[in-house]
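Me: I have a model open and would like a close look at one part of it, with the cut-offs spelled out. Please pick a single stretch, tell me what surrounds it, and then set it against the rest of the chain.

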Amino acid sequence: MTTNMSEADLRNVAAYFAGLPPIVNPAATDVKHSSPYEQGKALAAACAKCHGEDGNSKIPGTPSLAGQQPHYLVAAIQEYHQGDARKGR
């Protein structure tokens, strides 16, 4: 379909479709159930109370989460969920 279109035509078609309003997906109206990002964000709210909204703790003795190596952070969170003590590490 685009074989006979010029570069300008292709840009115009792309701009047209990019300018259209998004189509509402009725199955995804409940973002809490359809978005892992939103689910994680909601779960992280409890962590933010001590570790800071941006992962930088302002409470003495509470470590910052921002800047941690991903493999360490995942292991630490898994230990936390398993009930292993995390203090003093």
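Reply: Happy to help; here is a walk along one helix, followed by the wider picture.

This is a predicted model, so local features need pLDDT of at least 70 and side-chain atom pairs count only at pLDDT 80 or more, while totals for chains, interfaces and linings use all residues. Residues are numbered from 1 along each chain as its sequence is written, and side-chain values use heavy atoms, with hydrogens and water left out.

Let's take helix α1. Helices (H or I, at least four residues) and strands (E, at least two) are DSSP runs numbered from the N terminus. The 12 residues of α1 should span 16 Å at 1.5 Å a residue, and the end C-alpha atoms are indeed 16 Å apart; the expected span is 1.5 Å times one less than the number of residues. α1 is hardly covered, with zero buried residues among its 12. Here buried means under 20% relative accessible area, exposed over 50%, and partly exposed in between (1.4 Å probe, protein chains only).

The structure holds one salt bridge, meaning a side-chain nitrogen of Lys or Arg within 4 Å of a carboxyl oxygen of Asp or Glu. Arginine 11 pairs with glutamate 7, the closest N and O atoms being 3.9 Å apart. These two residues are four apart in helix α1, so about one helical turn separates them. Arginine 11 is exposed at 55% relative accessible area, and glutamate 7 is exposed too, at 53%.

Val13, Tyr16, Phe17 and Leu20 make a nonpolar surface patch of about 400 Å². Patches are built from residues with over 30% relative accessible area and no salt bridge, joining like charges within 9 Å and nonpolar side chains (Val, Leu, Ile, Met, Phe, Trp, Tyr) within 5 Å. Areas come from the Shrake-Rupley method with a 1.4 Å probe, and for residues only the protein chains shown count as cover. Leucine 20 sits in the loop between α1 (7-18) and α2 (31-34), and this residue is partly exposed at 38%.

Now for the rest of the chain. The protein has four helices and zero strands, in the order α-α-α-α. Of its 89 residues, 7% are buried. About 7900 Å² is exposed, 60% of it supplied by carbon and sulfur atoms.

For contrast with α1, look at serine 57, in the loop between α3 (36-51) and α4. Serine 57 is buried, at 18% relative accessible area. Leaving out residues up to four places away in sequence, serine 57 touches neighbours including Cys50, His51 and Pro63, where contact means heavy atoms within 4.5 Å.

Finally, helix α4 (residues 70-82) has 13 residues and reaches 18 Å from first to last C-alpha, close to the 18 Å expected. Glycine 83 follows α4, with a positive phi near 90°.
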